[in-house]
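Colleague: I would like a close look at a single part of this model, namely the salt bridges and the residues that form them. Please take me through them slowly, and then place them beside a few other features of the chain.

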Amino acid sequence: MITAQNTFRPIGRSFLNFLRDVGGSTIMLLGVFRRLKELPRTHRQTLLQMEAIGIGSMPLVFVTALFVGAVAAVQAAYQFQDYVPMVFLGTVVGKSVILELGPVLTALVVGGRVSASIAAELGTMKVTEQIDAMEILAIDPQRYLVMPRIVACVVMLPVLTIFADVLAIFGGMFVANVAIGVNTPTFVEGLRMFFYVDDVISGILKAATFGGIIGLMGCYNGFRTFGGARGVGRSTMHAVVTSCICILIADYFLASVLFRVIFYRGTT
């Protein structure tokens with residue numbers, strides 16, 4: 001017999017798990033902030049993580065960015081026909097890529113790869129008791145394992161986002177020239193028409209925040225892994241899902257703050 005208690009018990013358990021994850025990830029993030037002064041001691045690990053995250057993700061970002069720009073150009077041209085001059089095609093592609101598509105899609109595709117990799121690596125170390133061995137040897141796991149990965153994500157996501165923005169705009173310009181009939185000078189004129197440095201800065205700030213989310217979710221889920229190989233798979237899946245959800249949620253709040261408060265261009 002199904003009772004109200006049995007119905008609401010899973011909901012209450014899920015809510016408590018949510019509070020536990022929020023509290024645990026916040027404590028881990030605060031611990032990283034406290035250890036930032038020790039970053040020079042882990043510069044080698046940080047550089048290795050930057051190479052793995054940045055260089056390793058470039059092929060994925062390359063393919064994604066090119067086709068994102070191409071799709072943006074095709075869809076914008078379809079909506080512009082008979083209504084808006086094609087000189088604004090470059091404006092729409094540039095604005096959409098720099099403000100939203102570049103930072104968010106780069107964070108999602110890189111986050112799926114990086115957060116899964118971090119969670120799987122740290123989760124394996126957790127279930128094989130390597131992290132416990134580090135603590136016994138008086139090595140701080142958060143300083144040696146967590147901080148380099150989060151710092152590398154924060155530094156490399158803006159770099160990958162700029163790389164993706166350039167490729168996406170180039171892909172949109174190529175499609176506009178070859179398939180739509182908008183020549184390169186017209187596309188560039190529209191691109192320059194409403195180009196603002198504030199838009200680039202806002203995209204970089206968003207990318208840095210997304211990088212912190214990716215690194216934090218990967219490390220947190222890796223550190224709370226239990227249950228052997230099945231637990232590693234569970235933590236990897238949870239890291240990817242939570243990082244993607246947190247990126248989309250953070251995107252809304254960042255957009256509200258950046259474009260309605262900090263970089264607001266209203267007349268009032």
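**Salt bridges between separate parts of the chain**

Modeller: Arg-143 counts as buried, because its relative accessibility is 12%, and that is a good place to begin in what is, please keep in mind, a predicted model. The side chain of Arg-143 meets that of Glu-38 in a salt bridge, with 3.4 Å from N to O. This pair links distant parts of the chain, since Glu-38 sits in the loop between helix 1 and helix 2 while Arg-143 belongs to helix 5, 105 residues apart. Glu-38, for its part, is partly exposed, with a relative accessible area of 22%.

A second salt bridge joins the side chains of Arg-35 and Asp-140, at 2.5 Å from N to O. Arg-35 lies in the loop between helix 1 (4-34) and helix 2 (43-80), and Asp-140 lies in the loop between helix 4 (130-136) and helix 5 (141-180), so this pair ties together parts that are 105 residues apart in sequence. Arg-35 is buried, with a relative accessible area of 17%, whereas Asp-140 is partly exposed, with a relative accessible area of 26%.

A third salt bridge is formed by the side chains of Lys-95 and Asp-199, which meet at 2.6 Å from N to O. Here too the pair links distant parts of the chain, with Lys-95 in helix 3 and Asp-199 in helix 7 (residues 197-223), 104 residues apart. Lys-95 counts as partly exposed at 23% relative accessibility, while Asp-199 counts as buried at 6%. Besides these pairs, Arg-20, Asp-21 and Arg-224 are joined into one network by salt bridges that share partners. For the structure as a whole, the count comes to nine salt bridges.

Helix 3, which holds Lys-95, deserves a moment of its own. It covers residues 89-127, which makes 39 residues, and it reaches 53 Å from its first C-alpha to its last, close to the 57 Å expected at 1.5 Å a residue. Helix 3 also bends by about 55° at Val-97, and just after this helix Glu-129 takes a positive phi of about 65°.

The cysteines can be treated in a similar way, although a search of the whole structure finds zero disulfides. The sulfur of Cys-219 has its closest cysteine sulfur in Cys-153, and because the two are 7.3 Å apart, they are too far for a bond; Cys-219 itself counts as buried, at 0% relative accessibility. The sulfur of Cys-246 is 9.5 Å from the closest cysteine sulfur, in Cys-244, which is again too far for a bond, and Cys-246 counts as partly exposed at 29% relative accessibility.

Finally, turn to the surface, where Met-237, Val-241, Ile-245, Ile-249, Tyr-252 and Phe-253 form a nonpolar patch with about 630 Å² of accessible area together. Tyr-252 lies in helix 8 (residues 228-262), and because its relative accessibility is 53%, it counts as exposed. As background for reading such a list, an α-helix has 3.6 residues a turn, so residues three or four places apart point the same way. Ser-256 also has its place in helix 8, but Ser-256 is buried, with a relative accessible area of 18%.

Conventions
Residues are numbered from 1 along each chain as its sequence is written. This is a predicted model: local features need pLDDT of at least 70, side-chain atom pairs count only at pLDDT 80 or more; totals for chains, interfaces and linings use all residues. Side-chain values use heavy atoms; hydrogens and water are left out. Helices (H or I, at least four residues) and strands (E, at least two) are DSSP runs, numbered from the N terminus. The expected span of a helix is 1.5 Å times one less than its number of residues. The bend at a residue is the angle between axes fitted to the seven residues ending there and the seven starting there. Patches are made of residues with over 30% relative accessible area and no salt bridge: like charges are joined within 9 Å, nonpolar side chains (Val, Leu, Ile, Met, Phe, Trp, Tyr) within 5 Å. Accessible areas come from the Shrake-Rupley method with a 1.4 Å probe; for residues, only the protein chains shown count as cover. A salt bridge is a side-chain nitrogen of Lys or Arg within 4 Å of a carboxyl oxygen of Asp or Glu. Buried means under 20% relative accessible area, exposed over 50%, partly exposed in between (1.4 Å probe, protein chains only). A disulfide is a pair of cysteine sulfur atoms within 2.5 Å.
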